[in-house]
Amino acid sequence: MPENLLDVKKLFKHFPIRGGILRSTIGWVKAVDGVSFGIRNGETLGLVGESGCGKTTVGRTILRLLEPTSGSIVFDGTDLTRLGKKEMRTLRRNMQMVFQDPQSSLNPRMTIKSIVGEPLLVNAIARGRDLEHRVLDLLETVGLSPDHADRYPHEFSGGQRQRIGIARALALNPKLVVLDEPTSSLDVSVQAQILNLLKDLQRDLKLTYLFISHDLSVVKHMSNRIAVMYVGKIVESGRSSDVFAQPAHPYTKALLSAIMDTDPDIKSQRIILHGDIPSPAHPPKGCRFHPRCWQAKPECSESEPRMIEVWIDHYAACPYA
């Protein structure tokens with residue numbers, strides 16, 4: 001039995017930029033550029049970063065909803081990049097995704113019973129009465145009433161629609177669930193309900209989560225470990241408590257300084273980053289953060305920093321961490 005349920009090593013996903021009359025490739029968008037991490041059985045890894053840093057692309061590439069450019073994705077001892085479509089379809093039962101926007105991820109022409117039951121029907125796991133019973137059990141598991149089964153997505157609130165998306169993801173009893181900003185489009189009060197539901201489901205069903213978000217306070221609440229992304233690369237990773245207590249990379253320090261403290265007696269110093277986020281189509285040479293870093297030295301623009309262990313099981317891609 002491998003220590004990690006998921007091992008991602010040197011994952012690249014580059015999208016071609018096409019131009020000219022012949023629509024030939026004139027460049028590449030380096031959305032994911034050499035990302036490596038692991039997720040242990042039963043834990044939650046929070047993948048955090050600003051919009052456009054590549055975190056959603058990482059999640060979709062792991063499930064091979066997007067084909068990786070290169071790298072390895074080892075899930076439960078099997079390298080997914082070496083599997084054909086038929087083999088991948090069988091294995092994908094153990095890997096599911098909850099999408100960011102619950103409204104656009106649900107078919108408006110299908111009833112809730114059809115949406116939640118579709119994975120069971122497609123994979124020939126249940127049909128007829130058995131299918132109906134399983135769907136009702138799933139709805140009850142995520143806090144919805146059996147009376148909701150014959151309704152359509154537009155008849156529900158955002159929080160209820162996200163519960164439907166979670167029920168669909170759980171239909172095949174997966175081991176890994178990729179949560180792509182599952183609460184970002186919801187009200188704060190509803191966010192708390194969904195996060196608590198996800199924690200309860202993880203405990204009861206022994207689930208493993210990759211939790212993708214830009215909201216650091218949510219990531220802190222949900223995650224055992226955190227990986228911080230910036231322009232296609234992971235710049236810091238470690239236990240959640242360590243990263244929040246002692247951030248090592250300047251970018252992580254800047255992100256954490258933006259969190260408002262609930263204690264009025266604590267005066268936190270906000271770090272203001274100047275300049276724009278670099279384009280993943282034309283990332284800067286050397287450290288990608290150096291154009292905005294207040295600690296940057298001349299060598300930061302010349303060579304790309306490697307991940308170094310700054311504390312036990314705490315890594316940062318900065319020689320001055």
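This is a short talk on the sheets, one helix pair and two pockets of a predicted model.

I'll start with the smaller set of strands. Four strands form an open sheet, in the order 2-1-4-5, and their pairing is antiparallel. Strand 2, residues 24–40, and strand 5, residues 78–79, are at the edges; each has a single partner strand, so one side of each has no neighbour in the sheet. Inside the sheet, strand 1, residues 4–19, pairs with strand 4, residues 70–75, in the antiparallel sense over five bridges. If you want a residue pair to look at, take leucine 6, whose bridge partner in strand 4 is phenylalanine 75. Lying across this sheet is helix 1, residues 55–62, which covers strand 1, strand 2 and strand 4 and runs at about 110 degrees to strand 1.

Now the other sheet. Here eight strands form an open sheet in the order 6-7-8-3-9-10-12-11, and the pairing is mixed. The edges are strand 6 and strand 11, the latter at residues 308–311; each has a single partner strand, so again one side of each is left without a neighbour in the sheet. Direction ignored, neighbouring strands of this sheet are turned by 20 degrees against each other on average. As an example of a parallel pair, strand 3, residues 44–48, is joined to strand 8, residues 208–213, by five bridges. Glycine 46 stands opposite phenylalanine 211 in strand 8.

Helix 1 comes up again here: it packs on this sheet, touching strands 3, 6, 7, 8 and 9, and its direction makes about 150 degrees with that of strand 8. Helix 9, residues 250–257, also packs on the sheet, where it touches strand 9 and strand 10, at about 105 degrees to the direction of strand 9.

Next, the helix pair. How do helix 3 and helix 5 cross? The axes of helix 3, residues 112–122, and helix 5, residues 158–170, come within 7 Å and cross at roughly 30 degrees. The two helices are therefore roughly parallel to each other. From helix 3, the contact has Ile112, Ile115, Val116 and Pro119; from helix 5, it has Ile164, Ala167 and Arg168. By class, that is six nonpolar residues, no polar ones and one charged.

Last, the pockets. The largest pocket has a volume of about 680 Å³. Which residues lie nearest its centre? They are Ser36, Phe37, Ile234, Ser237 and Met307, out of 32 that line the pocket. Strands 1, 2, 9 and 10 each supply at least two residues of that lining, and the largest share, seven residues, comes from strand 2. The lining of the largest pocket divides into 16 nonpolar, six polar and ten charged residues.

The second largest pocket has a volume of about 490 Å³. It is lined by 19 residues, and the closest to its centre are Arg92, Gln96, Pro119, Arg168 and Leu172. Two of these names, Pro119 and Arg168, you heard a moment ago in the contact of helix 3 with helix 5. Strand 6, at residues 95–98, helix 3 and helix 5 each supply at least two residues of the lining. Helix 3 gives the largest share, four residues. By class, this second lining has eleven nonpolar, three polar and five charged residues.

How values were computed:
Residues are numbered from 1 along each chain as its sequence is written. This is a predicted model: local features need pLDDT of at least 70, side-chain atom pairs count only at pLDDT 80 or more; totals for chains, interfaces and linings use all residues. Side-chain values use heavy atoms; hydrogens and water are left out. Axes are lines fitted to C-alpha atoms, for helices over the stretch in contact, and angles run from 0 to 180 degrees between N-to-C directions. Angles under 35 degrees count as roughly parallel, over 145 as roughly antiparallel, 65 to 115 as roughly perpendicular and the rest as oblique. Contact means heavy atoms within 4.5 Å. Ala, Val, Leu, Ile, Met, Phe, Trp, Tyr, Cys and Pro count as nonpolar, Asp, Glu, Lys and Arg as charged, and the others, Gly among them, as polar. Two strands pair if DSSP finds at least two bridges between them. On a 1 Å grid over the protein atoms alone, a cavity is a set of points where a 1.4 Å probe fits but cannot get out, and a pocket is an open set with protein on both sides within 12 Å along at least five of seven lines; lining residues have an atom within 4 Å of a point. Grid points are joined across faces, edges and corners, and a volume is the space filled by probe spheres set on the points.
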